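This report walks through a single protein chain, beginning with its charged side chains and moving on to its fold, its interior and the confidence of the model. Please keep the sequence and the coordinates at hand while reading.

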Amino acid sequence: MHHPEHTSRRFDAELDDIHARLLKMGSLVEQQFSQALNALSTCSAYLAREVIDRDAQVNRFEVEIDEACCSIIARRQPAANDLRFIVSATKVVVHLERIGDETKKIARMAELLAKPDRLTLPRFSEIGHAATLAQSMLHEALDALARLDGQAANAIIQRDAMLNSEYHAILRHLVGYMMDNPRSISASLEILFIAKAIERIGDHIKSVLKQVSDMWEAERPTYTAE
């Protein structure tokens, strides 16, 4: 459907606003993930609690962006590339929110481990590499989202297999460790819980990247970040 020039510009502005909101939500989620890992490595209950409390902001972003997308669909009845962009945006926001949920789980575990009556064990070192890999993937995924760079997105997707390998290596190590040290079972399960959350974050990053690839294929150059 052809829009008059002023209406089309307004429509483009609305779509650009959706893109901007996605990036703001992504930035918050990335900050949350980084702080949760920092809380874990430093045994800081304060940092962990901040992450937990800010999760409500992530949830608000999801609701607001989803409502904005639904409003555009209802009012504009977009077709072809515009509709593809909006549908992809609604999927991206879901996966960003779920990354926030997994991050909150890590923060809750960090808060638990920070209690003074907990045993002091080098828990974080065993999952540090997987955490660093996931952080890198998330940062680069958000950069690809900002530029709507499908080629970069497709390249980052391949690294999810590395994160899965890291998780399975941690799992094998912990199973062996628990068999040799039965008293370590509780602590080992805590490590496994955190590692699983990181692995799930990788899965959601991969899903975000697939949507970035779809947005890129829709070929809307007006969404390319400057």
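## A network of salt bridges

In this predicted model, Glu14, Arg75 and Arg76 are linked in a network of salt bridges. Within that network, Glu14 pairs with Arg75, and the closest N and O atoms of the two are 3.3 Å apart. The pair links distant parts of the chain, since Glu14 belongs to helix H1 and Arg75 to helix H2, with their positions 61 residues apart.

The two partners fall into separate accessibility classes: Glu14 has a relative accessible area of 19% and is therefore buried, the limit for that class being under 20%, whereas Arg75, at 48% relative accessibility, counts as partly exposed. Both values lie close to a class limit, buried being under 20% and exposed over 50%.

## Other charged pairs

A search of the whole structure finds 12 salt bridges. Side chains of opposite charge can pair when their charged atoms come close. One of the pairs joins Lys105 to Glu102, with the closest N and O atoms 3.3 Å apart; both residues lie in helix H3, 3 residues apart, which is about one turn of the helix. Lys105 is partly exposed at 30% relative accessibility, while Glu102 is buried, with a relative accessible area of 7%.

Another salt bridge is formed by the side chains of Arg159 and Glu140, at 2.8 Å from N to O. Arg159 lies in the loop between H5 and H6 and Glu140 lies in helix H4, so this pair ties together parts that are 19 residues apart in sequence. Glu140 counts as partly exposed, because its relative accessibility is 31%.

## Overall fold

The secondary structure of the chain comprises 7 helices and 0 strands, and from the N terminus on its elements run α-α-α-α-α-α-α. Of the contacts in the chain with a separation of 6 or more, 85% are between residues 24 or more positions apart.

Buried residues make up 46% of the 226 residues in the chain. The chain exposes about 11,500 Å², and carbon and sulfur atoms supply 53% of that area.

## The nonpolar core

In soluble globular proteins, nonpolar side chains tend to be buried together. Which residues touch the most other members of the largest nonpolar core? They are Ile106 and Ile198, in a core of 67 residues. At least two residues of this core come from each of helix H1 (5-42), helix H2 (45-76), helix H3 (80-113), H4, H5, helix H6 (160-180) and helix H7 (185-217).

When residues up to four places away in sequence are not counted, Ile198 touches Leu37, Ile106, Ile127, Ala130, Ala131, Ala134 and Leu163. Ile106 thus appears among the residues that Ile198 touches.

Leu15 lies in helix H1 and, at 0% relative accessibility, counts as buried. The C-alpha atoms of Leu15 and Cys69 are separated by 8.6 Å, although the two residues are 54 residues apart along the chain.

## Asp149 in the loop between H4 and H5

Asp149 has its place in the loop between helix H4 (128-147) and helix H5 (150-157). Is Asp149 buried or exposed? At 18% relative accessibility, Asp149 counts as buried, because buried means under 20% relative accessible area.

The side chain of Asp149 reaches two backbone nitrogens: that of Gln151 at 3.2 Å and that of Ala152 at 3.0 Å. Leaving aside its neighbours within four places in sequence, Asp149 is also in contact with Ala144, Val212 and Trp216.

## Confidence along the chain

The chain averages a pLDDT of 88, and 88% of the residues score at least 70. Two stretches need more careful reading. Over residues 1-6, pLDDT stays under 50, and the model has 3 contacts beyond four places in sequence for them. Over residues 220-226, pLDDT likewise stays under 50, and here the model has 17 contacts beyond four places in sequence.

Note on methods: Residues numbered from 1 in each chain as written. Predicted model: local features only at pLDDT ≥ 70, side-chain atom pairs only at ≥ 80, totals over all residues. Heavy atoms only, no water. Helix = DSSP H or I, 4+ residues; strand = E, 2+ residues; numbered from the N terminus. Buried < 20%, exposed > 50% of the residue type's maximum accessible area, 1.4 Å probe, protein only. Contact = heavy atoms within 4.5 Å. Areas by Shrake-Rupley, 256 points an atom, 1.4 Å probe, with all protein chains shown as cover. Polar contact = N/O pair within 3.5 Å; in protein donor to acceptor, adjacent residues only side chain to side chain. Core = buried A, V, L, I, M, F, W, Y, C linked by side-chain atoms within 4.5 Å. pLDDT = per-residue confidence, 0-100. Salt bridge = Lys/Arg side-chain N within 4 Å of Asp/Glu carboxyl O.
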